[in-house]
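The exercises below concern the structure shown here. Each task is followed by a solution that proceeds step by step.

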Amino acid sequence: MQSPSDGAIGSLSGPRHASAAAASHLPPAFPQRAPWGTAGKLRAWQAEALADYLRSTPRDYLAVATPGAGKTTFALRVATELLERGTVQRVTVVCPTEHLKKQWADAAHRVGIRLDPTFKNNQGSHGRSYDGVAVTYAQVATRPLLHRARTEAARTLVILDEIHHGGDALSWGDAVRDAFDPAARRLALTGTPFRSDTSPIPFVEYEEDEKGIRRSRADHTYGYGEALRDGVVRPVIFLSYSGQMRWRTKAGDEIAANLGEPLTKDVTAQAWRTALDPKGQWIPSVLHAADKRLTEVRRGVPDAGGLVIATDQTVARAYAKILHGITGEKPVVVLSDDPSASDAIESYAGGDQRWMVAVRMVSEGVDVPRLAVGVYATSTSTPLFFAQAVGRFVRARKRGETASVFLPSVPVLLSLAAELEVARDHALDRPAKADDDWSPEEDLLEKANREEKASDELNGAFEALEAQATFDRVLFDKQEFGTQAEVGSDEEQDFLGIPGLLEPEQVTTLLRQRQADQVAARSRKAKAGGGEGGRVVEVSMHRELTALRKELHSLVGAWARRTSQPHGTVHAALRSECGGPEVPKASADELRARIDTLRRWFVGKK
């Protein structure tokens with residue numbers, strides 16, 4: 001039998017030759033159809049990057065494009081061009097997971113490139129009816145010299161999908177370099193080039209910035225912000241939930257804390273862990289809210305699906321049981337050690353089941369375009385993992401679609417959500433900490449985190465005792481909406497019931513209006529008096545002050561995020577307008593005056 005370059009097709013059917021013409025008809029985003037207004041042609045970023053690539057003919061090229069933007073289509077267009085021109089004879093795709101190997105093979109088949117996703121290292125070489133193989137980074141790491149020999153045997157294009165995985169371990173990076181150093185061409189792809197560590201990524205060029213920090217340099221970048229403006233990806237609504245947590249330490253001490261309030265890092269971690277415990281009420285409450293949101297989204301997108309990202313397999317199964325009780329339908333559970341996991345993902349992607357629960361397998365690279373609602377129920381908080389997880393929900397299929405992601409009210413997650421549109425590069429050096437925007441309150445909190453760590457007992461085993469959920473806020477387009485409300489309340493439903501098909505500007509307008517209505521309603525209620533029958537219930541002064549400070553801080557936080565101002569600046573503006581001392585020394589009347597002022601700001605009355 002002849003080699004693929006000689007035109008043999010073996011027992012395979014369909015078009016034999018890789019075809020740039022066929023690639024030009026591949027939807028801009030694979031799989032499923034392209035977003036509204038983009039079908040039938042390359043997107044602007046893809047055409048620009050392709051022209052740049054063919055003009056510069058580089059041996060190494062790094063394309064950074066947000067999840068859902070169409071990296072696969074771009075890479076296959078490059079591959080077909082190089083194969084047709086005779087620049088390369090083979091294609092090797094390296095990706096993070098087994099499931100992604102199948103996705104790449106399916107996409108390549110549509111343009112006449114035959115990739116073997118079942119290739120095993122012990123085979124030595126792929127079948128002669130194939131143009132190449134799809135392998136994982138782990139597979140390369142176990143036999144780098146085998147893959148080097150394959151690369152040397154013919155002029156090879158190596159497509160390194162999610163190239164940042166080349167730095168997952170020193171041995172992986174070395175293996176990738178050893179295996180593919182002889183490649184004729186290397187095309188690196190990633191949606192998130194940054195890593196949480198400083199491990200260098202193979203075949204990526206680093207340049208020093210003005211501060212002397214070595215950062216990765218991409219040849220072409222297409223970020224989430226640009227894709228959002230182009231209508232290529234969905235905007236994301238983040239709904240965060242706080243609540244009262246209580247747990248017992250190994251020493252037998254009981255600790256209670258409110259998730260979302262300023263806490264030391266250790267206590268925040270323990271409160272977060274308690275919230276995610278399936279035996280508490282926080283998870284069932286949030287899953288119930290997320291299912292309500294999914295029902296609303298499915299009014300406009302009937303096949304919309306939801307994904308819960310869990311910390312481990314045990315809790316994933318427990319979450320699935322809770323969802324079954326809520327919906328009456330068994331969710332699809334995807335576990336990495338299940339040999340049928342890839343088939344389960346494919347079945348879910350093509351079906352109409354409501355929910356899927358997974359640990360990490362679906363957090364990166366896997367394309368399930370109908371995913372529209374997510375629950376981030378994991379304690380993993382690196383920028384890389386967060387961006388990849390949220391990336392599962394942003395692939396647009398229809399004009400006006402939005403994605404909704406439910407989060408614990410943990411500062412690091414809220415910060416990552418607010419920075420979703422910020423482009424990042426991978427840094428090999430740690431930058432010195434800046435002192436910009438210093439504020440006394442934030443400095444005190446940082447010192448508490450650094451110097452007043454919870455006791456070592458917190459680091460041992462603990463028992464979650466109670467986890468109650470409270471609706472906290474909505475983050476959208478770098479702004480914050482809503483104030484704390486009870487789960488199941490009308491205030492919560494105002495945000496859960498936002499239509500699933502709206503343009504971003506309409507989402508912002510609706511969120512602002514609903515927040516203004518809620519603030520006005522609370523103001524009317526406060527003026528009417530509290531307690532039953534309008535009777536004002538007296539409380540201790542310290543309890544009243546604590547409640548007023550909490551309400552003020554909540555409103556200041558919401559206003560700070562809406563205006564992109566530091567909290568200290570908002571507090572200073574309130575003191576300037578209302579008078580009085582700092583918050584800890586302010587009287588109840590002074591705190592009420594600042595709260596009323598903030599409420600007027602929210603409804604546009606300065």
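**Exercise 1: a residue in its strand**

T190 is found in strand 6; helices (H or I, at least four residues) and strands (E, at least two) are DSSP runs, numbered from the N terminus. The model is predicted: local features need pLDDT of at least 70, side-chain atom pairs count only at pLDDT 80 or more, and totals for chains, interfaces and linings use all residues. Residues are numbered from 1 along each chain as its sequence is written, and side-chain values use heavy atoms, with hydrogens and water left out.

Task: determine whether T190 is buried or exposed, and list its contacts beyond the neighbours within four places in sequence.

Solution. Step 1: apply the accessibility classes, in which buried means under 20% relative accessible area, exposed over 50%, and partly exposed in between (1.4 Å probe, protein chains only). T190 has 0% relative accessibility and is therefore buried. Step 2: take contact as heavy atoms within 4.5 Å. With neighbours within four places set aside, T190 touches L62, A63, V64, A65, K71, E162, I163 and H164.

**Exercise 2: the sheet and strand 5**

Task: state the strand order of the open sheet, and describe how strand 5 is paired and covered.

Solution. Step 1: two strands pair if DSSP finds at least two bridges between them. The open sheet has seven strands in the order 3-4-2-5-6-1-9, with parallel pairing. Its edges are strand 3 (115-116) and strand 9 (220-222), each of which pairs on one side only. Strand 9 is joined to strand 1 (residues 60-65) by three bridges, the two running parallel, and A65 stands opposite Y222.

Step 2: follow the pairing of strand 5 (residues 156-160). Five bridges connect it in parallel to strand 2 (residues 90-95), where T92 faces V158. Four bridges connect strand 5 in parallel to strand 6 (residues 185-190), with L157 opposite R185.

Step 3: examine the faces. In a regular strand the side chains alternate between the two faces of the sheet. In strand 5, T156, V158 and L160 lie on one side and L157 and I159 on the other, and all are buried. Helix 6 (residues 144-153) lies across strand 2, strand 4 (132-136) and strand 5, at about 150° to strand 2; axes are lines fitted to C-alpha atoms, for helices over the stretch in contact, and angles run from 0 to 180 degrees between N-to-C directions.

**Exercise 3: aromatic rings and cysteines**

Task: classify the ring pairs W45–F74 and Y53–Y61, then identify charges over rings and count the disulfides.

Solution. Step 1: rings of Phe, Tyr and Trp (its six-membered ring) pair if their centres lie within 6.5 Å; planes under 30 degrees apart count as stacked, over 60 as edge-to-face and the rest as tilted. The whole structure yields 10 aromatic pairs. For W45 and F74, the centres are 5.6 Å apart and the planes at 50°, so this pair is tilted. Because W45 belongs to helix 2 (residues 44-56) and F74 to helix 3 (residues 71-85), the pair ties together parts 29 residues apart in sequence. Both W45 and F74 are buried.

Step 2: Y53 and Y61 have ring centres 5.3 Å apart and planes at 80°, so their pair is edge-to-face. Y53 and Y61 are both buried. Ring pairs also link F238, Y376, F385 and F386 into a cluster.

Step 3: a charge sits over a ring if NZ of Lys or CZ of Arg is within 6 Å of the ring centre and within 35 degrees of the ring normal. The charged end of R186 lies 4.0 Å from the ring centre of F203, and R370 lies over the face of Y348 at 4.0 Å from the ring centre.

Step 4: with a disulfide defined as a pair of cysteine sulfur atoms within 2.5 Å, the search of the whole structure finds zero.
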